[in-house]
Amino acid sequence: QVQLVESGGGVVQPGGSLRLSCAASGSFFSVNPMGWYRQAPGKQRELVARISSGGTTNYADSVKGRFAISRDNAKNTVYLQMNNLKPEDTAVYYCNAIFLGYWGKGTLVTVSS
């Protein structure tokens, strides 16, 4: 059974940092691109960052230069390092196995003073 479990969310002040983790079960991980999405209250879910099986990364314009996605295939884990957080980054962040349709339950990030 495939599971994606996110962790690392919390409350942080503007300008602060958080690192999200997504632990995956299943043999698909090392050969599959992975992504982080987010959904703010009243808004549609949007792609934040994605990483290919080989490590190529892509980012939404709103997070370029502040967020970094990475993966550790030995640990079946994908990370999202978030720096210089802004109030508009407040959202539930979801891990996604791209093309496979697997989603985690999400972790809440709140950026507030």
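## Residue Y102

Y102 has a relative accessible area of 32%, and because this falls between the 20% and 50% limits the residue is classed as partly exposed. The model under discussion is predicted. Y102 belongs to strand β10, which spans residues 102-103.

Beyond its neighbours within four places in sequence, Y102 makes contact with V2, L4, F28, C95, N96 and A97. For one of these residues, V2, the C-alpha to C-alpha distance to Y102 is 7.5 Å, although the two are 100 residues apart in sequence.

## The disulfide

The model contains 1 disulfide. The bond joins C22 and C95, with the sulfur atoms 2.1 Å apart. C22 is located in strand β3 (residues 18-25) and C95 in strand β9 (residues 91-97), so the disulfide ties together parts that are 73 residues apart in sequence.

The torsion about the S-S bond of C22 and C95 is about -80°, and the disulfide is therefore left-handed. C22 has 0% relative accessibility and counts as buried; C95 likewise is buried at 0%.

## The nonpolar core

The largest nonpolar core comprises 28 residues, and the members that touch the most others are M34, W36, V78, L80, M82 and Y93. Two or more residues of this core come from each of β3, β4 (34-39), β5 (46-51), β7 (67-72), β8 (77-82), β9 and β11 (107-111).

V78 also touches both cysteines of the disulfide, C22 and C95. Leaving out residues up to four places away in sequence, the other residues touched by V78 are L20, S21, F29, M34, W36, I51, I69, S70 and R71.

Note on methods
Residues numbered from 1 in each chain as written. Predicted model: local features only at pLDDT ≥ 70, side-chain atom pairs only at ≥ 80, totals over all residues. Heavy atoms only, no water. Disulfide = S-S within 2.5 Å. Helix = DSSP H or I, 4+ residues; strand = E, 2+ residues; numbered from the N terminus. Buried < 20%, exposed > 50% of the residue type's maximum accessible area, 1.4 Å probe, protein only. Core = buried A, V, L, I, M, F, W, Y, C linked by side-chain atoms within 4.5 Å. Contact = heavy atoms within 4.5 Å.
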